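Here are a few notes to go with your first look at this one. Have the model open while you read, and follow the side chains as they come up.

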Amino acid sequence: MDFTYQIKSLLFAVAVGDAIGLPVEFESRQTLSEFPITSMIGNGTYNQPLGTFSDDSSLTFCLAEALIHGCNPDIIGQYFVKWYIQNFWTPRGHVFDIGFTTRTAIEKIANGVKTELAGCGEVSCNGNGSLMRIAPLVFYLYDKPIKERFEITQKVSSITHAHIRSSIACFYFLEFLRQLLEGKHKFDIYKNLQSEIPSLFNLISISQEEIQLFDRLLKLNICEFTEDKIFTSTYVLHTLEASIWCLLTTETYKEAVLRAVNLGEDTDTTGAVTGALAGLLYGFDAIPQNWAEQIVRKDDIKNLAERFAYSLHKPKFLFN
């Protein structure tokens with residue numbers, strides 16, 4: 001499959017959702033209900049110009065860059081270090097936002113710790129820092145068996161977030177993206193995953209206690225939940241649930257991303273993750289043109305999409 005258009009759609013969709021949410025990061029839902037975001041703005045929380053993306057997009061782009069060379073966790077980790085220390089793939093030449101767990105892991109890698117040992121495996125380290133950046137991996141995983149898809153997802157998530165809960169969240173997200181690439185309807189995907197994911201996890205003996213934490217996605221119909229039952233903290237499960245809810249309860253890219261951002265709190269990440277889903281569902285052409293045009297480094301993002309797509313046609317050796 002030629003993924004060129006889909007990769008472009010995904011990368012821009014992440015950056016746009018991120019940039020819309022960034023100026024109001026940490027704002028409460030009540031404040032945003034009174035003064036809702038209706039388009040892309042500048043300044044705000046980090047006093048950044050219009051069209052600026054955050055670490056969510058920067059690390060997403062770093063992952064895509066690394067995947068051009070295959071799926072080697074050490075190479076991925078070095079690209080993250082390059083971002084953090086050398087400002088690679090920053091929007092305007094400096095890092096201004098980074099989560100604690102992500103920063104700690106990257107600093108360990110920079111100081112010589114092996115990549116597979118750098119991520120935090122504690123329960124307290126289940127922030128959304130690996131979920132926010134993992135979307136490009138779907139293109140690498142697309143034609144691989146489901147068990148292998150989970151194993152690779154776990155390795156890539158664990159570079160920074162090594163607890164199984166973060167891996168499960170990333171896997172659910174990537175499986176949803178994968179079925180969007182297959183052209184399936186969003187509600188059909190939601191139902192498919194309610195059987196496919198528990199079946200795999202039972203096969204590979206993931207603890208029932210961890211699986212049960214995902215019951216709102218795997219057993220219930222989350223789109224029937226009212227907004228007050230959807231949470232948008234930095235907790236990985238909150239971000240995943242909110243993004244799926246925003247996708248299922250809207251009909252356009254614009255509507256999905258604005259709903260995500262106006263939920264408040266971790267607005268850039270909820271916007272970015274929702275953006276990835278809506279970007280693959282609706283495509284690049286559905287992103288409002290003025291939003292895409294306002295994104296900083298848009299030509300670089302387009303070039304990255306083309307290089308990544310080209311690389312997928314060449315043979316790779318997994319974790320070489």
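**Notes on charged pairs and a cavity**

1. Start with R216 and E241: these two form a salt bridge, with their closest N and O atoms 2.8 Å apart. The pair links distant parts of the chain, since R216 belongs to helix α12 (residues 215–218) and E241 to helix α13 (residues 236–248), 25 residues apart. Both R216 and E241 are buried. Do keep in mind that you are looking at a predicted model.

2. Next, have a look at a little network. R178, E182 and K184 are joined into one by salt bridges that share partners. Within it, R178 pairs with E182, and the closest N and O atoms there are 3.5 Å apart. Are these two buried or exposed? R178 counts as buried because its relative accessible area is 14%, under the 20% cut-off. E182 has a relative accessible area of 33%, so this residue is partly exposed.

3. Now find R149 and E175. Their side chains meet in a salt bridge, at 2.8 Å from N to O. What does the pair tie together? R149 sits in helix α8 (residues 146–157) and E175 in helix α9 (residues 164–181), so the salt bridge connects parts that are 26 residues apart in sequence. R149 is buried, with a relative accessible area of 7%. E175 is buried too, and its relative accessible area is 3%.

4. For the overall tally, how many salt bridges does the structure hold? The count is 9. The ones picked out above include R216 with E241, R178 with E182 and R149 with E175.

5. On to empty space. Rolling a probe the size of a water molecule over the atoms shows where such space is left. Searching the whole structure this way turns up 1 cavity of 30 Å³ or more. The largest cavity holds about 40 Å³ of space.

6. Which residues line the largest cavity? Going along the chain, you'll meet F53, S54, D55 and S58, then W83, followed by T90, P91, H94, V95, F96 and D97. By type, this lining divides into 5 nonpolar residues, 4 polar and 2 charged. Among the nonpolar ones are F53, W83 and P91, while D55 and D97 are the charged pair of the lining. It's worth clicking through these residues in the viewer.

Definitions and conventions. Residues numbered from 1 in each chain as written. Predicted model: local features only at pLDDT ≥ 70, side-chain atom pairs only at ≥ 80, totals over all residues. Heavy atoms only, no water. Salt bridge = Lys/Arg side-chain N within 4 Å of Asp/Glu carboxyl O. Helix = DSSP H or I, 4+ residues; strand = E, 2+ residues; numbered from the N terminus. Buried < 20%, exposed > 50% of the residue type's maximum accessible area, 1.4 Å probe, protein only. 1 Å grid on protein atoms, 1.4 Å probe; cavity = no way out; pocket = protein on both sides within 12 Å on 5 of 7 lines; lining within 4 Å. Points joined across faces, edges and corners; volume = space filled by probe spheres on them.
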